[in-house]
Amino acid sequence: MNTSENTGEDVPFDLSKAAAAATEELLPSKSKERYEKQFQIFEDWRRLKNVTSLTEDVFLAYFGEKSSSYKASSLWSTYSMLKTVLLLKENLDISKFYKVTAYLKRKSTGYQPKKSKCLSRDQIDKFLLEAPDKEFLLMKVALIFGVSGACRCDELSRMLVDDIEDQNNVLIVHIPDSKTKKPRRFVVVDERNLATYRRYLELRPPSTPHKRLSLNYKKGKCTVQPVGLHSFGKFPSQIATYLGLPTPLEYTGHCMRRSSATLLVDAGGDITNLKRHGGWQSSSVAEGYIEESIENKLDIANKIQAGPKKRPFTNIETCRSTSSDSSEICCTEISTEIFDKKVKLDHKSLSGINIANISNSTINVNICK
């Protein structure tokens, strides 16, 4: 029930106005226009259809029409934005319309969203080593920072010179304003990467009136014009084109972030490390990278197809030699993975034999007098 209807004139106008302003601020600041636009499209549809009510059937009809031109991901995005705006403006919670959510889930069955392709470690190294600085220095810096920190395009675009601490052998990079509203930090290592960043920084015009790190770069020179968000989104496809990779347009602006996550998982990173590295709040997103890891798939395939390892058998026999001051230990390893060994020890040390670096083994020790 609407609170203003209960109180009527008891709520002063200035308080109602302040409450309305506060309600508007509940929408995400970066995407507020998109939310408002989706709500306006819905309202225009209602007027066109002469619909005055906001029932479950109305939303089923609306999404039914949209499904003919929207992908499943776009349907869910539209639903999410409408749900938020309607709750704020109409005090209506459409998440309780279970037929609508069931319909959207049915439309999502079998849908595979398109994801950006990733760059491998070899491809990244090849580009950084071979691409000429005169044309690609800015892209090299973007690639180094994007992969090192799993950065989004907008994070790279808004990165400031003051966000970077150069500590000689390492760069400490701060991301104060991320998508999840939580600041992140990452480091850039390797002398080659540091040298690339410093070469680019030296080209910064002294008259630059802002602190944005990325400046327009052409023919070996920087201007004071900052690099826009959409330019960063095109860098991966341009890098893929230089490398001669097939379907370069499938390397989108999300490529560097996905490549970073994939490289971390392939190197053995777990879900906790991955979520902390990329600032992901959702475990399901992070788990997607782990599930797609080729290294993890190879590890699982080896475990399934190779079967359990056989436990090696170790037989150690200690026999008194003809000499009065020494004994010989004869080791026979019944395993193709372990080499036969013979070790001579002083007989005085036989009471303290230490056997190390052996696991899952059976050891027989026979003392011969």
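Contact here means heavy atoms within 4.5 Å. The model analysed is predicted. By this criterion, 53% of the chain's contacts between residues at least 6 apart in sequence join residues at least 24 apart. The chain has 369 residues, and buried residues make up 33% of them. Its secondary structure comprises 15 helices and 9 strands.

The largest nonpolar core contains 44 residues. Leu119, Phe127, Leu143, Phe145, Met159, Ile164 and Tyr200 touch the most other members of this core. Helix H8, spanning residues 133-149, is the main contributor, giving 10 residues. A second core is separate and has 20 residues. Phe39, Val58, Leu82 and Leu104 are among them. In soluble globular proteins, nonpolar side chains tend to be buried together.

Phe145 illustrates how the largest core is knit. Neighbours within four places in sequence were set aside for this analysis. Phe145 is then in contact with Ala150, Cys151, Leu156 and Met159. Its contacts also include Ile164, Leu171, Val173, Phe186 and Tyr197. Two of these partners, Met159 and Ile164, are themselves listed with Phe145 among the core members that touch the most others.

Phe145 also lines a cavity. The structure holds 1 cavity of 30 Å³ or more. About 30 Å³ of space lies in the largest cavity. Its lining consists of Val141, Ala142, Phe145, Leu156, Met159, Leu213, Ser214 and Phe232. Leu156 and Met159 thus recur, being contacts of Phe145 and lining residues of the cavity. H8 gives the most to this lining, with 3 residues. By class, the lining has 7 nonpolar residues, 1 polar residue and no charged residues.

Helix H8 also carries a lysine, Lys140. Lys140 counts as buried because its relative accessibility is 3%, and the cut-off for buried is under 20%. Outside its neighbours within four places in sequence, Lys140 is in contact with Phe127, Leu128, Ala131, Asp133 and Thr196. Leu128 lies 12 residues away from Lys140 along the chain. The C-alpha atoms of the two residues are separated by 6.1 Å.

Strands S1, S2 and S3 are linked by antiparallel pairing through S2. S1 covers residues 164-166 and is joined to S2 by 3 bridges. Within this pair, Ile164 has Val173 of S2 as its bridge partner. Both Ile164 and Val173 are in contact with Phe145. S2 is joined to S3, residues 184-188, by 5 bridges. Here Leu171 stands opposite Val188 in S3. S2 itself spans residues 171-175, and 4 of its 5 residues are buried, so this strand is largely enclosed by the rest of the structure.

The turns and loops around these strands include residues with positive phi. S1 and S2 form a hairpin with 4 residues between the strands. Asn168 is placed in the loop between S1 and S2. Its phi is near 70 degrees, a positive value in a residue other than glycine. Asn168 is exposed because its relative accessible area is 63%, against a cut-off of over 50%. Asp190 likewise is not a glycine, yet has a positive phi of about 80 degrees. Asp190 lies in the loop between S3 and helix H10, residues 191-202. At 40% relative accessibility, Asp190 counts as partly exposed.

A further hairpin is formed by S4 and S5, with 2 residues between them. S4 covers residues 215-218 and S5 covers residues 221-226. The two strands pair in the antiparallel sense over 3 bridges. Tyr217 stands opposite Cys222 in S5. In the turn, Lys219 has a positive phi of about 50 degrees.

Elsewhere, Thr109 is found in the loop between helix H6, residues 98-108, and helix H7, residues 121-130. Thr109 counts as exposed, at 61% relative accessibility. Thr109 and Ala72 are 37 residues apart in sequence. In space, their C-alpha atoms are 8.7 Å apart.

Methods: Residues numbered from 1 in each chain as written. Heavy atoms only, no water. Core = buried A, V, L, I, M, F, W, Y, C linked by side-chain atoms within 4.5 Å. Buried < 20%, exposed > 50% of the residue type's maximum accessible area, 1.4 Å probe, protein only. 1 Å grid on protein atoms, 1.4 Å probe; cavity = no way out; pocket = protein on both sides within 12 Å on 5 of 7 lines; lining within 4 Å. Points joined across faces, edges and corners; volume = space filled by probe spheres on them. Nonpolar A, V, L, I, M, F, W, Y, C, P; charged D, E, K, R; others polar. Pairing = 2+ DSSP bridges.
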